[in-house]
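Subject: Structure handover

Hello,

Here is the structure I said I would pass on. My notes on what turned up in it follow below.

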Amino acid sequence: MKRIIYESLKNLVFERYGLLMLKKYPELGRSIKNNRKFKNIHQKERCFILGNAPSLRTVDLELLADEFVFSVNYFTELDGFEKAGTNVHLWTDPRFFELWEDPCLEVTRRRFKKNYHQISELKPVCFVPSGAFPYIKKHRLDQLLDIHYLLVSKTFTECGINRINLCGGVYGCTTVVQFAIQVAAYMGFQEIYLLGCDSTNVLTLLETILGNNVKDRHAYNCDEKENIRNSRKLRSSLKTSDVLYDQYLLFEGYNRLNQYCHAHGIRLKNASEPTLITGLEKADINKILIR
């Protein structure tokens with residue numbers, strides 16, 4: 001029997017809804033197969049994947065204006081986000097597509113609508129899980145954004161990471177950044193740099209279990225009332241064993257992706273500072289980007 005835990009539950013959601021959508025909507029299958037157009041289109045180039053952890057605040061986003069940039073989820077809530085010039089954006093939080101129950105649905109809808117429109121102004125290629133297909137069509141987001149779908153159909157814990165293929169099924173991950181790494185690898189990037197990937201959420205979760213409210217969760221500012229509400233909800237549902245196991249999956253995901261990249265001549269480097277990710281080669285952002 002599979003163990004269902006806090007973060008990894010979203011992969012189960014993606015997989016279940018994605019496969020159902022494939023059967024129901026032939027158009028979705030054709031769209032996924034069309035991802036082949038991204039195969040190796042950026043060979044021998046480098047890219048930067050921006051997580052939304054607090055360390056991203058220290059990065060001068062203007063230095064990324066001429067680089068190829070991946071951003072994720074709530075990136076537009078960071079002050080000056082547009083300076084980075086996002087080329088690819090990924091959304092994988094199930095709440096974006098109403099795949100998870102949300103007690104503050106109306107507030108969340110307004111927040112996401114603003115997010116979609118802000119990203120559209122940058123005109124990036126956008127990737128979402130295939131389970132989002134009905135939501136995208138219902139709200140006509142594919143008329144606003146350049147939407148492409150990812151089918152989550154396998155896990156690295158069962159079969160390792162042997163082949164990344166956006167036309168088939170990608171590997172389920174506990175963080176959107178790891179989905180972005182898969183997209184970047186498929187596109188042929190030879191150097192992939194991570195920024196704002198602190199992976200310190202385990203500290204936040206443990207503090208939450210202890211009853212402490214943590215304010216600095218992300219690079220962007222969060223509503224204090226929302227923080228308190230989420231903390232109370234998490235405190236009543238989290239088990240320490242599940243939190244620690246889920247964090248193991250997070251860090252092991254980076255290890256497996258690093259092994260894949262190494263085997264395929266891709267240099268995966270973490271330029272986030274500070275960071276709890278120790279399995280990747282470290283990089284100094286000040287030496288990479290000339291000020």
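**Cysteines**

Cys197 is buried, because its relative accessible area of 4% is under the 20% cut-off. Cys173 is buried too, at 3% relative accessibility. The number of disulfides in the structure comes to zero. Please keep in mind throughout that this is a predicted model.

**Overall make-up**

The chain contains 11 helices and nine strands. It has 291 residues, of which 53% count as buried. The exposed area of the chain is about 14300 Å², and carbon and sulfur atoms supply 49% of that area. If you take the contacts between residues at least 6 apart in sequence, 64% of them join residues at least 24 apart.

**The sheet**

The nine strands of an open sheet follow the order β6-β5-β4-β3-β2-β1-β7-β8-β9, and their pairing is parallel. Its edges are β6 (169-172) and β9 (281-282); each has a single partner strand, so one side of each has no neighbour in the sheet. In general, the strands of a sheet pair through backbone hydrogen bonds, in either a parallel or an antiparallel way.

One pairing in some detail: strand β2, residues 68-72, runs parallel to β3 and is joined to it by three bridges. Across this pairing, Val72 stands opposite Leu90 of β3.

**Aromatic residues**

Searching the whole structure gives 12 aromatic pairs. One of them is Trp91 with Tyr116, an edge-to-face pair with 5.1 Å from centre to centre and 75° between the planes. This pair links distant parts of the chain: Trp91 belongs to the loop between β3 (88-90) and α3 (105-120), Tyr116 belongs to helix α3, and the two are 25 residues apart. Trp91 is buried, with a relative accessible area of 0%. Tyr116 also counts as buried, at 3%.

Phe133 and Tyr149 make another aromatic pair, this one tilted, at 5.4 Å centre to centre with 55° between the planes. Phe133 lies in helix α4 (residues 133-138) and Tyr149 in strand β5 (residues 146-155), so the pair ties together parts of the chain 16 residues apart in sequence. Both rings belong to residues that are buried: Phe133 has a relative accessible area of 3%, and Tyr149 has 4%. Together with Tyr25, these two residues form one aromatic cluster.

What does Tyr149 touch, leaving aside residues up to four places away in sequence? Its contacts include Phe133, its partner in the pair, along with Leu28, Ser31, Ile32 and Asn35. Val128, Pro129, Ser130, Ala132 and Ile136 are also among them. Gly29 is 120 residues from Tyr149 along the chain, and the C-alpha atoms of the two are separated by 9.1 Å.

There is also a contact between a charge and a ring: the charged end of Lys154 sits over the ring of Tyr171, 4.6 Å from the ring centre.

**Backbone points to check by eye**

Glu273 and Pro274 are joined by a cis peptide bond, with omega about 5°. Pro274 is found in the loop between β8 (267-270) and β9, the latter being one of the edge strands of the sheet.

Which residues other than glycine have a positive phi? Asn40 is one of them, with phi near 55°, and Lys44 is another, with phi near 65°. Asn40 lies in the loop between α2 (26-33) and β1 (46-50), and Lys44 lies in the loop between α2 and β1 as well. As for exposure, Asn40 is partly exposed, with a relative accessible area of 32%, whereas Lys44 is exposed, at 72%.

Regards

Notes
Residues are numbered from 1 along each chain as its sequence is written. This is a predicted model: local features need pLDDT of at least 70, side-chain atom pairs count only at pLDDT 80 or more; totals for chains, interfaces and linings use all residues. Side-chain values use heavy atoms; hydrogens and water are left out. Rings of Phe, Tyr and Trp (its six-membered ring) pair if their centres lie within 6.5 Å; planes under 30 degrees apart count as stacked, over 60 as edge-to-face and the rest as tilted. Helices (H or I, at least four residues) and strands (E, at least two) are DSSP runs, numbered from the N terminus. Buried means under 20% relative accessible area, exposed over 50%, partly exposed in between (1.4 Å probe, protein chains only). A charge sits over a ring if NZ of Lys or CZ of Arg is within 6 Å of the ring centre and within 35 degrees of the ring normal. A disulfide is a pair of cysteine sulfur atoms within 2.5 Å. Two strands pair if DSSP finds at least two bridges between them. Contact means heavy atoms within 4.5 Å. Accessible areas come from the Shrake-Rupley method with a 1.4 Å probe; for residues, only the protein chains shown count as cover.
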